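Thank you all for coming; today I would like to walk you through one structure, slowly enough that everyone can follow along on the screen. Please have a look at it first, and then I will begin with the strands.

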Amino acid sequence: MSYDQNNALNVNPEEIAKFEKVASQWWDLTGDFKPLHQINPLRRQFIVQHIGNVFDKTIIDVGCGGGILAESLAKLGANVTGIDMGEEPLNVAKLHALESQVTVEYKKITAEEQAATYSEHYDAVTCMEMLEHVPDPASIIQACAKMVKPGGFVFFSTLNKTMKSYLLAILAAEKIFKLVPDGTHDHDKFIRPSTLIDWAESFDLKCIDAAGIHYNPLNENHKLTTELDVNYILCCQKL
């Protein structure tokens with residue numbers, strides 16, 4: 001598979017519309033994005049654990065949405081760019097950064113387009129809960145690999161394609177507990193860790209660590225685990 005400008009618009013308009021509709025809730029800690037706010041410290045911990053001090057590091061968050069992760073990394077002193085194809089989530093992200101007096105550069109652009117201009121530019125690339133929402137996830141992984149400097153880190157988080165992930169992420173989270181809007185996830189788009197690692201390695205990214213993100217909606221307990229059967233996060237290093 002090679003980098004292809006024809007993939008420049010690797011976007012599902014229905015997915016964009018879905019997140020546009022709930023954009024006003026991005027920073028409502030009790031709203032639709034409450035689970036994201038609750039697991040964000042785990043993601044940040046996993047990232048810092050591998051990068052070390054992020055102060056003055058250049059980081060790009062691919063599929064940044066309303067800026068939850070991007071802003072939390074900028075608060076640690078990183079130079080952060082957040083990219084997304086959703087107009088409203090980006091507007092919310094920009095406004096919240098202003099209110100929080102945090103500097104993040106937000107851009108409406110695809111990962112592929114950004115990679116064409118910013119090859120081997122970033123110390124780290126993050127791509128969280130985004131791969132399951134695009135038509136061609138491998139193209140996103142390739143763009144992330146292209147953007148990171150040799151020796152730099154790329155972090156992916158997504159959902160494993162298991163029966164347990166269907167029961168917890170769709171049946172429990174969407175249908176029963178209404179933690180996230182109905183229709184947020186499509187089990188067919190979930191990605192097995194082995195598949196994601198194969199894609200990453202085909203683009204010179206070596207997977208050096210993996211962790212499961214365990215979220216219990218009943219007691220709101222969340223932690224990193226060794227079990228990758230539902231949500232999981234990978235750390236890859238560019239060869």
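Let me start with a single pair of residues, T58 and N79, where N79 is the bridge partner of T58 in strand β2; please keep in mind throughout that we are looking at a predicted model. That bridge belongs to a wider pairing, since β1 and β2, which covers residues 79–84, run in the parallel sense and are joined over 5 bridges. If you follow the chain from β1, you pass through helix α3, residues 68–74, before you arrive at β2, and this β-α-β crossover is right-handed.

Strand β1 has another partner as well, namely strand β4, residues 122–128, with which β1 pairs in the parallel sense over 4 bridges. Here you can find I59 standing opposite A124 of β4. How many of the 5 residues of β1 are buried? The count is 4, so to speak a mostly covered strand, and β1 itself spans residues 58–62.

Now let me turn to the aromatic rings, of which the structure holds 4 pairs. In one of them, F46 and F155 meet edge-to-face, with 6.1 Å from centre to centre and 80° between the planes. Because F46 lies in helix α2, residues 34–51, and F155 in strand β5, residues 148–159, this pair ties together parts that are 109 residues apart in sequence. Both F46 and F155 are buried, and ring pairs link these two residues with F153 into a cluster.

Conventions
Residues numbered from 1 in each chain as written. Predicted model: local features only at pLDDT ≥ 70, side-chain atom pairs only at ≥ 80, totals over all residues. Heavy atoms only, no water. Phe/Tyr/Trp six-rings, centres within 6.5 Å; stacked < 30°, edge-to-face > 60°. Helix = DSSP H or I, 4+ residues; strand = E, 2+ residues; numbered from the N terminus. Buried < 20%, exposed > 50% of the residue type's maximum accessible area, 1.4 Å probe, protein only. Pairing = 2+ DSSP bridges. Right-handed = clockwise from strand over helix to strand, strands pointing away.
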